[in-house]
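Could you walk me through this structure, one selection at a time? I have it open in my viewer and would like to know what to click on next.

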Amino acid sequence: MIKNYLKVAWRNLVKNRVTSLINIGGLAVGMAVAMLIGLWVWDELSFDTYHKNYNTIGQIRVHMVDQKSNTQGTNSSVQFPLYTELKANYKENFKHIVMASWNVDNILSSGDKKLSRTGLYMDADAPEMLTLKMIHGSWAGLKDPYSIMLSESTAKAFFGNANPVNQVMKINNKYDVKVTGVYEDLPLNTQFKDLKFLSPIDLWFADNPWIKQSAMTDWQNHFLKIYAEIKPNSSFEQVSHNIKDAELKDLKDVKFKDEAALNPQVLVAPMSSWHLHGLKRGQSDTGPLQMVWLISIIGSFVLLLACINFMNLSTARSEKRAKEIGIRKAVGSLRMQLIGQFLSESFLIVVLAFCLSLIIVTLSMPAFNELAGKQVSMPYQSAYFWLTSIGFILITSIIAGSYPALYLSSFKPVKVLKGTFKAGRLASIPRKVLVVTQFTVSVALIICTIVVYKQIQIAKNRPVGYTREGLIMIEKKNSDFDGKYDILRSELKKTGVVSEMSESFGKVTEIASGNGGFKWRGKDPNFNDSFGTLPVSFEFGKTVGWQFVQGRDFSRAFSTDSNGMVINEAAAKYMGLKNPVGEDVSWKFQDQPMRYYKILGVVKDMIMESPYDDITPTIFMIKGHVGTSQINVKINPKVSTSEALPKIEAVFKKIIPSAPFEYKFADEEYAAKFAAEERIGSLASVFATLAIFISCLGLFGLASFVAEQRFKEIGVRKVLGATVVNLWALLSKDFVQLVVLSQLIASPLAWYFMHKWLMNYHYRTDISWWIFGITCGGALIITLITVSFQSIKAAMANPVKSLRSE
C-alpha cells in the first residue's frame, strides 16, 4: 500500500513539474533557514554547557538599592573582603569558591619567542570547577605559586606538538613560571572562550601590589570576580538566601557608610543565566534572550511560508484531481486511505526538499557563521541530529500536507463523477487567507529590517566628541613600559609620522574605572554620586582631539594643573553646575588622603561606551596615585597609516624590546560597538529576502494556475474586444487586493514590535511614515512583476486555442 502511495506521488510530481519545483524549491529554502536558525538557537541555549558543572557553577554578585534616588543595580565585580568573608563563614554552602582577576592580556615568552595572550589569574580550584579537559598535566596545576597552564593552541604556538609540561616560561618578562598543564581550547559558546592561559591569583597580586594593599579591607572597591560551585544538594535560591547579608553585617565602619546606605545583598547568579540574562550597566539585560526568541519566530515563519505554498498549490489544483478521488472512493477507498495517500505525497516532497536543504545549508554554512558570528557546523555524525531530522521531516510533512489531505479527501464521489463538482468561490477563501499570511510576515520583516538599519545609522551619525581617525591604542602589557613615557613620546614625534602621544587608564572607547565620593559646592550630602574616572597624561586632549565647551585643556605650563580636572557636559549637568570652570572638587580615593581639584574645563560628551546609551558623567584627571594602562598615538593626518605603522613599531621595539608591538585602531573598536545590531539587521534582511522569495514563488504558482483555470474566459473576453491591459488588470487585481490587505495588517504589527525593541535604547530613532510607504510600494511592485508574467502570457494567447472545442 505504502509503495503504491509513493509510486502515485512520484507520478504526480513528474506530471506537474512546475508546481513540484515550486513546492520542493520553496520547502528546501524554508527548511534550510529553519535548520540554520535551529543550529544558531541551540548554540545560544547551550552556552556554557561545555562545563560539566554547568548546573552548579555560579558567580557571586552584589545587588544594591539606593532608596534616596530610587535606583538599583547589580555589580558582578565584588570586593576582596567579601571573598574572605565567604571563605571564612559561609563555606558550608559551597564546594568551591574561586577568586579571579579580570581578563588580562599578558606577554608570554619562551626563549626568543614572545606572544601576547589573554588569560586569567585564579585560585587553584578553578581548573577542577570549570572541568577543563586536560591534554597534559592535571587539574592541580595551579597549586604551584609560580605555575602556568596553557590552552592547546597557546602550547602549540610556543612548543609545537611537544609536551610542554615542566618547561619554564616568563610572564610579562618578569616572572619565571613552570608549565603544569595543557587544556583543550574552550569553544566560542562559553564565557571563558578567550582563556588562553591560567596562573595563580597570588601571582597577579604580586605583579600588582597596589591592588591587594589598597583593597584587602576596602568594602567599597569592587574589582574582583568570584565564581563558586554550590554543593550538589543545594539550590541557587537557597544559597543566595543564606549569604545575602554577608557584606552588610561587616559594614560597621563609618568610612563604609556610603556602601552600607545602598543596602547591599549578596547573591549567586547561576551560570545558566550569564549569557541570556546578562548585565548591562548594572541592570538586567534580556536582549540576548529576546534575540533568541525573535530569530526562532522568524525561522518558524519562513518555514511556514514554504508550507503555505504547498497547501495553496495543492488545494488550487483540486479540480484536476477530483475525478481521481471520485473513482478511488467509488471502488472502495476509505477517507483515511486517501488522507494517507496525500500525506505520502507531502512526505515525498518534504524528503526531496530536505535533501536539497542539506546541500543549501552545507554550502551556506561559512557565510552564515560569518554573518552570525558563530562557529556552528552540521552534526552529521550525531544520532540525535538524524533523529531530530526525521521528526523535523514528519512534522513539516504533516503541517504542509494536512490541510490538502483533509480538503481533497472530503470530495463527494457522486458529484465528481456526474461532472457537477465545482470548487466554488468559497473554496478559494482559505488560499487567500494563506496568501495574506505570507505577505503579512514578509512585509513586517522588511519594515523591521529598515527600522534596525535606521537605528544603526542614527547611532553611527551621533557626534562622538573626539577624532577617531588615525588614532591607535597600545596596551601597556608589562612593567617595562613604566618610566618610558617621555622618551617614547619624544622619539615618536621625531619620526614625523606621529602628531601626539598620551596615556590613559583604559582605552578611549571604554570607561574602565568608576568612582564616587566626590564633593563640590551645592552637592546634596545625601546624594550618592557615581562618575566615570579616567586618569590621563597632559597630552590626552590633543591626542584624541576633544572639543571644549568651557575653559581650557591641561597644560604643563601650569604646575597646579596636576590637581586639575576636565569634565564632560554630562558631568556638569549631573553636578548641577551651570558654570563649573574654577569650581573646587574634593575626593578621597580609598585609604589615601583627601585630594583637592579644580575644574579647568568642560568638553563635549565623548561616546566611550555604547552609542545607544546615555553618556556617563566622566571626570578626566592627571595620572598620579592611579596609573595608566594604555598608550594613545595620533598618526599625522598627512602620512598614510601604512607608512606610519612601521616607523612607530621600530620606536617601540627599540625602547621596549620585551613587548610585542600590538595595537588597535580606535575607529575599529568603535565600529565593534555596532556589531550586535548590525548582526540583527543582516540576519533580518536575509530572512526578509527569503520570505519575499518564497512568497513570490507561491504567488507565481497561483497566478499560473488562475491563468490556466480562466483560459476559456480570457479567450471569450478577447473575442469580445478586451485588450491585453484589460486582461492583465483583471488577472492581477485579486492578488493586489490580497497584498494590500496584508500590508494593512503587517504595518501596525511591525510598528508595535519595533517600538518595543527601540525602548531598549536610550538613544533611538523614530519610526518614520516613509518606511511603511517604501515597503508597501515595493511589495506591490514585486507582486505585480511576479503575477504579470503569467497574466500577460495568458492575455496574449490566441483565443482560437481556448475556444476551438466549443
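Here is a short tour of rings, charges, a surface patch and cysteines. Keep in mind as you go that this is a predicted model.

**Stop 1: aromatic rings**

The structure holds 27 aromatic pairs. Start by selecting Trp 102 and Trp 204, whose rings meet edge-to-face, with 4.9 Å from centre to centre and 90° between the planes. This pair links distant parts of the chain: Trp 102 is in the loop between strand E3 (94-100) and strand E4 (104-110), while Trp 204 is in helix H6 (residues 201-207), 102 residues apart. Now show the surface. Trp 102 counts as partly exposed, because its relative accessibility is 37%. Trp 204 has a relative accessible area of 4%, so this residue is buried.

Next, add Phe 80, Tyr 83 and Phe 205 to your selection: ring pairs link them with Trp 102 and Trp 204 into a cluster.

**Stop 2: a second ring pair**

Move along to Trp 520 and Phe 531. How are these two rings arranged? Their centres are 5.8 Å apart and their planes are at 80°; angles over 60 degrees count as edge-to-face, so that is the name for this pair. Trp 520 belongs to strand E18 (residues 518-520) and Phe 531 to strand E19 (residues 531-536), 11 residues apart. Trp 520 is buried at 9% relative accessibility, and Phe 531 is buried at 1%.

**Stop 3: charges over rings**

Select Arg 462 and Tyr 763 together. Arg 462 lies over the face of Tyr 763, 3.9 Å from the ring centre. Then try Lys 623 with Tyr 485, where the charged end of the lysine sits over the ring, 4.5 Å from its centre.

**Stop 4: salt bridges**

Side chains of opposite charge can pair when their charged atoms come close. The count here is 23 salt bridges.

Begin with Lys 178 and Asp 144, which meet at 4.0 Å, N to O. Lys 178 is in strand E9 (residues 175-183), and Asp 144 is in the loop between strand E6 (134-137) and strand E7 (147-151), 34 residues apart. Lys 178 is partly exposed at 31% relative accessibility, and Asp 144 is partly exposed at 28%.

Now select Glu 539 and Arg 489, another salt bridge, with the closest N and O atoms 4.0 Å apart. Glu 539 lies in the loop between E19 and helix H17 (540-544) and Arg 489 in helix H16 (residues 485-494), so their pairing ties together parts that are 50 residues apart in sequence. Is Glu 539 buried or exposed? At 5% relative accessibility, Glu 539 counts as buried, whereas Arg 489 is partly exposed at 22%. Add Lys 493, Glu 500 and Arg 556 as well: salt bridges that share partners join them with Arg 489 and Glu 539 into one network.

For a third bridge, pick Glu 583 and Arg 521, 2.3 Å apart from N to O. Glu 583 is buried at 13% relative accessibility, but Arg 521 is exposed at 58%.

**Stop 5: a surface patch**

Select Val 740, Leu 741, Leu 744, Ile 745, Leu 749, Trp 751, Tyr 752 and Phe 753. Together they form a nonpolar patch on the surface, with about 760 Å² of accessible area. Trp 751 is found in helix H23 (residues 724-758) and is partly exposed, with a relative accessible area of 39%.

**Last stop: cysteines**

How many disulfides are there? The count comes to zero. You can still look at Cys 355, partly exposed at 42% relative accessible area, and Cys 448, buried at 18%.

Key. Residues numbered from 1 in each chain as written. Predicted model: local features only at pLDDT ≥ 70, side-chain atom pairs only at ≥ 80, totals over all residues. Heavy atoms only, no water. Phe/Tyr/Trp six-rings, centres within 6.5 Å; stacked < 30°, edge-to-face > 60°. Helix = DSSP H or I, 4+ residues; strand = E, 2+ residues; numbered from the N terminus. Buried < 20%, exposed > 50% of the residue type's maximum accessible area, 1.4 Å probe, protein only. Lys NZ or Arg CZ within 6 Å of the ring centre and 35° of its normal. Patch = residues over 30% accessible without salt bridge, like charges linked within 9 Å, V, L, I, M, F, W, Y side chains within 5 Å. Areas by Shrake-Rupley, 256 points an atom, 1.4 Å probe, with all protein chains shown as cover. Salt bridge = Lys/Arg side-chain N within 4 Å of Asp/Glu carboxyl O. Disulfide = S-S within 2.5 Å.
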